[in-house]
Amino acid sequence: MSAYVALLRAVNVGGTGKLPMAALVGMCEDAGFNEVRTYIASGNVVFRSRLDEATVRDALAARLQAYAGRPVGVLVRSAAEIAEVAARNPFPDAAGNRVVALFVDGPLPRDPLQGVAGLNGEQLALGPRALHVHYGDGMADSRLRIPCAAHGTARNLNTVSKLAMMAAKLA
């Protein structure tokens, strides 16, 4: 069995996409996932499964769509990949809540920085299926817009590190 982390897009953020974590656990268990654990109420779930990444994503996405009545973005990473994203933090001296990993479904676009607008002191660094962003002055006042973010979801490095630790215990 493989350990995975599923990251849901736009769940319990800003008053939209309400999803109780107990319901998420139930959907995962219904899909046949084992040792299911959630982390904070923003759509982070760690589990084990015999299925491959794409099948895990599709199984969870189908259950979420049935629950919500609309598609819910699901991005899945292996325990090893989530650990690599945490370990490859290109801004190790920055506070973990000021650095986010923007996870995308599939490889990053050929030029993931094309169309980036509103850059005002933020720093960006590319990874295999994630883009790291350092918000030096915090995210609250940032006007940064990253087009490939429309097909992804972001987590701060504190959350990524915690998810990596949780997934490592299942690997």
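Tutor: Buried means under 20% relative accessible area. Keep that cut-off in mind for this predicted model.

Student: Is Phe-33 buried or exposed?

Tutor: Phe-33 has a relative accessible area of 3%. The cut-off for buried is under 20%. So Phe-33 is buried.

Student: How many aromatic pairs does the structure hold?

Tutor: Tyr-4 and Phe-47 form an aromatic pair. Phe-33 and Phe-47 form one as well. The number of aromatic pairs in the structure is two.

Student: Is the pair of Tyr-4 and Phe-47 stacked or tilted?

Tutor: The ring centres of Tyr-4 and Phe-47 lie 6.1 Å apart, with 40 degrees between the planes. Stacked needs planes under 30 degrees apart, and edge-to-face needs over 60. The pair of Tyr-4 and Phe-47 is therefore neither of these, but tilted.

Student: How many residues apart in sequence are the parts that Tyr-4 and Phe-47 tie together?

Tutor: Tyr-4 lies in strand β1, residues 2–8. Phe-47 lies in strand β3, residues 44–49. So the pair ties together parts whose separation in sequence is 43 residues.

Student: Is the pair of Phe-33 and Phe-47 stacked or tilted?

Tutor: The centres of Phe-33 and Phe-47 are 4.3 Å apart. Their planes differ by 10 degrees. Planes under 30 degrees apart count as stacked, so the pair of Phe-33 and Phe-47 is stacked.

Student: Where do the buried residues of α1 lie on the helix?

Tutor: The buried residues of α1 are Met-21, Leu-24, Val-25, Met-27 and Cys-28. Seen down the axis of α1, they fall within an arc of 160 degrees. So they line one face of the helix.

Definitions and conventions
Residues numbered from 1 in each chain as written. Predicted model: local features only at pLDDT ≥ 70, side-chain atom pairs only at ≥ 80, totals over all residues. Heavy atoms only, no water. Phe/Tyr/Trp six-rings, centres within 6.5 Å; stacked < 30°, edge-to-face > 60°. Helix = DSSP H or I, 4+ residues; strand = E, 2+ residues; numbered from the N terminus. Buried < 20%, exposed > 50% of the residue type's maximum accessible area, 1.4 Å probe, protein only. Arc of directions from axis to C-beta.
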